[in-house]
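Take a moment to look at the chain in front of you and turn it around slowly. We will walk through it together, one part at a time.

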Amino acid sequence: MENGLVVAMVARRLLLEEPELAMQAAPLTDTEQIEKYVSSSIKHAFARIIEDVETLVDSTNEHPLALLAEETRKFLKKDTTMHLPILTQRHPNAGAVLASLIHKLYGIKLKPFLDSAEHLTEDVVSVFPAADSLEQNLISVITSTCEEGSADSYLKKLNLYKIEIVSGTLVLRWVNSQLARISAWVERVIQQENWAPVSAQQRHGSSIVEVYRIVEETVDQFFALKVPMRPGELSSLFRGIDNAFQVYTRHVLDCLADKEDIIPPVPPLTRYRKESGIKAFVKKELTDSRLPDVRKSTDVNVLTTPTLCVQLNTLFYAISQLNILEDSISGRWTKKYHAHSTKRPTEDNLRNSIQKDSFDGSRKDINAAIDQICEFAGTKTIFWDLREVFIDGLYKPSVHQSRLETLIDPLDVVLNQLCDLIVEPLRDRVVTGLLQASLDGLIRVILDGGPSRLFTPADAKLLEEDLEVLKEFFISGGDGLPRGVVENQVARIRQIIKLQSYESRELIEDLKSASEMEMQGGMGRLGADAKTLIRILCHRSDSEASQFLKKQYKIPKSAS
């Protein structure tokens, strides 16, 4: 080729010396003549490639455009290896001229296909990667062979195929259709869930296994797509999967009854009515209008403790697998993105584009749901399962006749059941929920126990002893909750018990000052708000408290 090029250049110069030819047109420079030679050669070569492809296409399953891209890429590699070094001796940017023309010629063939592509068909999956690979190769030739500073001018003139944009739009359509499929699957499996553990070792429900199966299947199909993608498509996949787990979590919570349906209504406040001996208690029991028993309501469907435990195990499985899924997707994306393009981002940019996509929404929702179910399980145990012995029976007819010790055995049965069914990482959260509900129940009994419960300052010591019994039960000699956690929880009831130790006269004086202080945003000397002090006085068996409540707050007497 080198000798042919020299002969052509010499012949051109000799012809230009002829007067007739020299007058016909402005003479071309050597550089312009080289570009003309390259253009003519490439056009003929590309035409031959098209003819070869038309012959080959019948014997292969490839789309003609994919085959054309591949054959053109082979020609480019051969031409840049054999002929380009010779051309660049006469034209430093011959490689850019060659690559730019090939890019244009293939682009003319490709454009109608790009304009008509609407879905990720087999043809699209075949053509897009081949065309994108050819474009990247052509750009690489331009940037690697041009003189310093001249590559940009050639690149700006390219009418880029923008396959990433077209492909990205099609991928987004595919992702959205797959996410709709996942959403429908979530709805189906959650409706079929009976909340029985998969096995003795796998204590979660089967529905979450099915959800992960279809999610992982979708992720595998996503990365099997050999078409160019942008980070936006990955973000869409992340958001869709994140939303699917959030929907699943909401469905789990929908199974719970409302706490208001399992907690008996608070009795109305009444003041002490003086009676004598056993007659007073009997009269109160007979005339005390019982609150509606929510157990008898056919509208309330309270899940069993084993069911709640399986739900908790299921949510824990969901959140523990999220990290694995997230790492897998991020790792596969990094590998795909590095392998895809010569226009690679910096490591920091790539890492940032991945880090902004995560399952933080579902993590937050699942953790909140676990907390809510733990709280519900504790509330159900105290206010529903043990309502008769705890909420209705504790400290009746008096503190010293019905101590909290009688509740330890039934609490122990429930606690053992919880610990047997729940996965180890959730044990403390579930037990903490039971502790909080036990303290809520104790506060309910002391402050809103109804007219059948009366307390005296002497009861404060017994109440403090009972609180210690409850505290040590949950600490369980170091095998239960951490002592610091339990101490923090019981702190809120210690103040209430301490208030019980004061005489009614002191409580009344503090209530007067507390009422004034609350208007200024403060509290009384004893550190209690007016509402708490009123509730304590309503359960005092003395005339002084009764007369004060009648005069100051118009609180009615208890039924007699």
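What follows is a tour from the whole chain down to single residues.

Before anything else, keep in mind that this is a predicted model. The chain is built with 23 helices and zero strands, so as you trace the backbone, helices are the elements to look for. Of its 560 residues, 46% are buried. There is also a lot of contact between parts that lie far apart along the sequence: among contacts with a separation of 6 or more, 79% link residues 24 or more positions apart.

How much confidence does the predictor give the chain? The mean pLDDT is 86, and 84% of the residues reach 70 or more. Confidence is highest in helix α18 (residues 427–447), at a mean of 97, and lowest in helix α13 (residues 277–287), at 43. Residues 1–18 have a pLDDT below 50, and beyond near neighbours in sequence this stretch makes 25 contacts in the model. The pLDDT also stays under 50 over residues 276–292, where the model has 21 contacts beyond four places in sequence. Where pLDDT is low, the predicted coordinates should not be read in detail.

Now turn to the inside. The largest nonpolar core has 161 residues, and those touching the most other members are Y106, L110, F128, F222 and I241. Let us pick I241 as an example. Leaving out residues up to four places away in sequence, I241 touches L179, V215, V219, L325, I329 and F359.

Next, let us see how helices pack against one another. Find α9 (163–192) and helix α10 (residues 206–224). Their axes are 9 Å apart and make an angle of about 170 degrees. An angle over 145 degrees counts as roughly antiparallel, and α9 and α10 are therefore roughly antiparallel to each other. On the α9 side, the residues that meet α10 include W174, W185 and I190, while the α10 side includes I214, V215 and F222. This contact is made up of 12 nonpolar, four polar and four charged residues. Two of these names may sound familiar: F222 was listed among the core residues that touch the most other members, and V215 is one of the residues that I241 touches.

Just before α9, stop at K162, in the loop between α8 (151–157) and α9. Its phi is near 55 degrees, a positive value in a residue other than glycine. Is K162 buried or exposed? With 52% relative accessibility, K162 counts as exposed.

Further along the chain, a second pair of helices is worth a look. Helix α19 (residues 459–475) and helix α20 (residues 483–500) have axes that come within 10 Å and cross at roughly 170 degrees. These two helices are therefore roughly antiparallel as well. Their contact has nine nonpolar, one polar and seven charged residues. Among the residues that meet across it are L463, E464, L467 and E468 from α19, and R494, I497 and Q500 from α20.

We can follow this contact from both sides. R494 lies in helix α20 and, at 24% relative accessibility, counts as partly exposed. Beyond its neighbours up to four places away in sequence, R494 touches E464, L467, E468, K471 and E487. R494 and L467 are 27 residues apart along the chain, yet their C-alpha atoms are separated by 8.2 Å.

On the other side, L463 sits in helix α19 and counts as buried, at 1% relative accessibility. L463 touches I497 and Q500, and its other contacts beyond four places in sequence are Y395, V399 and I446. From L463 to V399 the distance is 7.7 Å, C-alpha to C-alpha, although 64 residues separate them in sequence.

That brings us to our last stop, the loop between α16 (360–385) and α17 (408–421), where P397 is found. The peptide bond from K396 to P397 is cis, with omega near 0 degrees. Y395 lies in the loop between α16 and α17 too, and its phi is near 65 degrees, a positive value in a residue other than glycine. Y395 is buried, with a relative accessible area of 1%. As we saw, Y395 is also one of the residues that L463 touches.

Definitions and conventions
Residues are numbered from 1 along each chain as its sequence is written. This is a predicted model: local features need pLDDT of at least 70, side-chain atom pairs count only at pLDDT 80 or more; totals for chains, interfaces and linings use all residues. Side-chain values use heavy atoms; hydrogens and water are left out. A nonpolar core is a set of buried Ala, Val, Leu, Ile, Met, Phe, Trp, Tyr and Cys residues joined through side-chain atoms within 4.5 Å. Buried means under 20% relative accessible area, exposed over 50%, partly exposed in between (1.4 Å probe, protein chains only). Contact means heavy atoms within 4.5 Å. Axes are lines fitted to C-alpha atoms, for helices over the stretch in contact, and angles run from 0 to 180 degrees between N-to-C directions. Helices (H or I, at least four residues) and strands (E, at least two) are DSSP runs, numbered from the N terminus. Angles under 35 degrees count as roughly parallel, over 145 as roughly antiparallel, 65 to 115 as roughly perpendicular and the rest as oblique. Ala, Val, Leu, Ile, Met, Phe, Trp, Tyr, Cys and Pro count as nonpolar, Asp, Glu, Lys and Arg as charged, and the others, Gly among them, as polar. pLDDT is the predictor's confidence in each residue, from 0 to 100.
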